[in-house]
Amino acid sequence: MIIAQSGAASIPAPVPGVVPMVLRYDSDDPYAVVLEFPDPAADEPGGGDAPVRWRVSRDLLLDGLAGPVGAGDIRLAPRDGRYTEVEFHNRNGSALVQVETAELRAFLGATADAVRPGEERVALPDTLEDFLRMTDA
């Protein structure tokens, strides 16, 4: 089962604004949520049109609703009761967006209806050869 929710994320600084965002969950990959944003270079000459996708632990998103979490590429923290800040880091820099906590909570609730946290199952291939074939895809 795939659950997708379109919405928007606020960018608080350096230039405040709003960007479209899609939250995507696939019960075949029950531990992860994909956050998808438009390519930031799409409006520039020669810019790309491929969305930027971040694969995030569903548990990290759930924990981020309650308090600050994350120490690596993705960090979350509730702000003002209305927003959850999501901070992304990679070798090219960082980005901070604010997502409405109620929307994120509703989306995560829908994922829990599909696959309850703690009851996730991942089908593994029967042989090493099948595993290697799967990872090459």
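Q: Which residues of helix α1 are buried?
A: In α1, residues 58-66, the buried ones are Arg-58, Leu-60, Leu-61, Gly-64 and Leu-65. Buried means under 20% relative accessible area, exposed over 50%, and partly exposed in between, with a 1.4 Å probe and protein chains only. Helices are DSSP runs of H or I with at least four residues, strands are E runs of at least two, and numbering starts at the N terminus.

Q: Where do those buried residues sit around the axis of α1?
A: They fall within an arc of 160° seen down the axis, so they line one face of the helix. The arc is that of the directions from the helix axis to the C-beta atoms. An α-helix has 3.6 residues a turn, so residues three or four places apart point the same way.

Q: And what do the buried residues of α1 pack against?
A: Strands β2 (17-26), β3 (32-37), β4 (52-57), β5 (74-79) and β6 (83-90), plus helix α2 (101-114). Contact here means heavy atoms within 4.5 Å.

Q: Before I go on, what kind of model is this?
A: This is a predicted model: local features need pLDDT of at least 70, side-chain atom pairs count only at pLDDT 80 or more, and totals for chains, interfaces and linings use all residues. Residues are numbered from 1 along each chain as its sequence is written, and side-chain values use heavy atoms, with hydrogens and water left out.

Q: OK, what's the order of helices and strands along the sequence?
A: The pattern reads β-β-β-β-α-β-β-β-α-α, with three helices and seven strands in the protein chain.

Q: Which residues touch the most other members of the largest nonpolar core?
A: Leu-35, Ile-74 and Phe-88, in a core of 24 residues. A nonpolar core is a set of buried Ala, Val, Leu, Ile, Met, Phe, Trp, Tyr and Cys residues joined through side-chain atoms within 4.5 Å.

Q: What does Ile-74 touch?
A: Leaving out residues up to four places away in sequence, Ile-74 touches Trp-54, Arg-55, Val-56, Leu-60, Val-69, Val-86, Glu-87 and Phe-88.

Q: Switching to loops: is Asp-39 buried or exposed?
A: Asp-39 counts as buried, at 18% relative accessibility. This residue lies in the loop between β3 and β4, and its C-alpha is 4.8 Å from that of Pro-51, twelve residues apart along the chain.

Q: And Asp-80, buried or exposed?
A: Asp-80 is exposed, with a relative accessible area of 78%. Asp-80 is in the loop between β5 and β6, and has a positive phi of about 60° although it is not a glycine.
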